[in-house]
Amino acid sequence: MRITSVLRTTVSRTTRGAALAVTAGLFLLLGGTASPSVADSSPSASPSEDGDAPTRAGTSFRTATEIEQGQKATAGASTGDYLYWSFPADSGRRPTVKATVKLPDAAQTSSTWQIDVYDGLRRRQACQYGAQTRTAGAEAGSVELSCTLRTVRAWSEQWANDPLPGTYYIRLTATDLGTADLGLPVDAEVRVDAKDVGGAAAVDGSLAEPLVPGIAMTTEEGDESSDDSSTAVLSSLEPDDGWASGWWSDRWVWTTVGGVLAALAGVGGCSLTRGAGQPSRVPPGS
């Protein structure tokens, strides 16, 4: 009797110790994975301050100026022009495009400016929120526009218009402008930042290739005179850690945590339902 009681006490303490150890491990795991998640949720930082930011804009989709996320691009143009930029966006990211137009002092009428964002298939993407269109009076010095897209998905149905990984195009223009103000000089600034949404935007699927243009050509070093060395590339810009690099998400962590908690619940339920064993009044072997 006394030996059986001691064994039961030892097993109970061992089970509690194992449960506490597993729980402590889970807290450490969650604490270790929370920091990168919080860090990724902030807008992307500027890549460098080396003065390589573009100072011009394209006039069509094919001539769009490429910019990186977190990089401010500037351009000088005339009222009535269409300005185009392009940037890469990967799955699990929520891009935000901001534009500032410095209006001319000689403007005589009010003007309405608009910023549009298109995906790699040149489908216009709706803004989740932000001031996509604004009207500035004749005395206004500048106008600021903003467009936050929906979260980029790794995969989508063919009939859907969901944002997909690839190149995105920015078009900035004046949609309502007086005839007397056409051709006046303006200065435009564009910046793109992206927020990492995390596992909440993960889907079961991925594209074979990102939706990027394939018109660029590159030549291997040392073989500039040879035409055979030129090969087509998808795009000269891509995310810092490569396309579709965000296969890891916090869903893996929560799935593991759920499995461990389910196992602990099973062990606890078995311990509660198995009873106290053989009654003390029954002799062994009977």
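## Strand β3 and its partners

In this predicted model, Thr 65 has Trp 85 as its bridge partner in β3. The two strands involved, β1 (residues 65-66) and β3, pair in the parallel sense over two bridges. On another side of the pairing pattern, β3 is joined to β10 in the antiparallel sense, over seven bridges. Within that second pairing, Leu 83 has Leu 172 of β10 as its bridge partner, and Ala 89 stands opposite Gly 166 of β10.

How many of the residues of β3 are buried? Seven of the seven are, so the strand is largely enclosed by the rest of the structure. Its side chains are divided between two directions: Leu 83, Trp 85, Phe 87 and Ala 89 point one way, while Tyr 84, Ser 86 and Pro 88 point the other way, and all are buried.

## Strand β10 and its pairing with β5

Strand β10 is likewise mostly covered, with nine of its 11 residues buried. Besides its bridges to β3, β10 pairs with β5 in the antiparallel sense, again over seven bridges. In this pairing Val 117 stands opposite Ile 170 of β10.

## Strand β4 and its partners

Strand β4 also takes part in two antiparallel pairings. It is joined to β11 by 10 bridges and to β9 by seven bridges. Thr 100 appears in both: its bridge partner in β11 is Glu 189, and in β9 it stands opposite Glu 144.

## Nonpolar cores

The largest nonpolar core comprises 30 residues, and those with the most contacts inside it are Trp 85, Trp 113, Ile 170 and Leu 172. At least two residues of this core come from each of the strands β2 (72-78), β3 (83-89), β4 (93-102), β5 (111-118), β9 (142-149), β10 (166-176) and β11 (185-196). Apart from this core lies another, of five residues, which includes Phe 61, Ala 64, Tyr 84 and Tyr 169. As a general background, nonpolar side chains in soluble globular proteins tend to be buried together.

Several residues described above under strand pairing recur here. Trp 85, the bridge partner of Thr 65, is among the residues with the most contacts in the largest core. Leu 172, the bridge partner of Leu 83, and Ile 170, which stands opposite Val 117, belong to that group as well. Tyr 84, by contrast, points the other way from β3 than Trp 85 does, and Tyr 84 is a member of the core of five residues.

## Aromatic pairs

A search of the whole structure finds four aromatic pairs. One of them, formed by Phe 61 and Tyr 118, is edge-to-face, with 5.2 Å centre to centre and 90 degrees between the planes. Phe 61 lies in the loop between α1 (2-40) and β1, whereas Tyr 118 lies in strand β5, so the pair ties together parts that are 57 residues apart in sequence.

Is Tyr 118 buried or exposed? Its relative accessibility is 9%, and Tyr 118 therefore counts as buried, the cut-off being under 20%. Phe 61 and Tyr 118 also belong, together with Tyr 84 and Tyr 169, to one aromatic cluster. Of these, Phe 61, Tyr 84 and Tyr 169 are among the residues of the five-residue core.

## Cavities

The structure as a whole contains three cavities of 30 Å³ or more. The largest holds about 70 Å³ of space. Which residues line the largest cavity? They are Thr 79, Leu 103, Pro 104, Ala 107, Thr 109, Ser 111, Trp 113, Gly 137, Ala 138, Ala 140, Leu 177 and Asp 181.

By class, this lining consists of seven nonpolar, four polar and one charged residues. Trp 113 thus has two roles in this account: it lines the largest cavity, and it is among the residues with the most contacts inside the largest nonpolar core.

## Two loop residues

Tyr 82 is placed in the loop between β2 and β3. With a relative accessible area of 40%, Tyr 82 is partly exposed. Tyr 82 and Ala 57 are 25 residues apart in sequence, and 8.9 Å separates them in space, C-alpha to C-alpha.

Arg 122 is found in the loop between β5 and β6 (124-125). Its phi is near 60 degrees, a positive value in a residue other than glycine. Arg 122 has a relative accessible area of 43% and is partly exposed.

Terms used: Residues numbered from 1 in each chain as written. Predicted model: local features only at pLDDT ≥ 70, side-chain atom pairs only at ≥ 80, totals over all residues. Heavy atoms only, no water. Core = buried A, V, L, I, M, F, W, Y, C linked by side-chain atoms within 4.5 Å. Buried < 20%, exposed > 50% of the residue type's maximum accessible area, 1.4 Å probe, protein only. Helix = DSSP H or I, 4+ residues; strand = E, 2+ residues; numbered from the N terminus. 1 Å grid on protein atoms, 1.4 Å probe; cavity = no way out; pocket = protein on both sides within 12 Å on 5 of 7 lines; lining within 4 Å. Points joined across faces, edges and corners; volume = space filled by probe spheres on them. Nonpolar A, V, L, I, M, F, W, Y, C, P; charged D, E, K, R; others polar. Pairing = 2+ DSSP bridges. Phe/Tyr/Trp six-rings, centres within 6.5 Å; stacked < 30°, edge-to-face > 60°.
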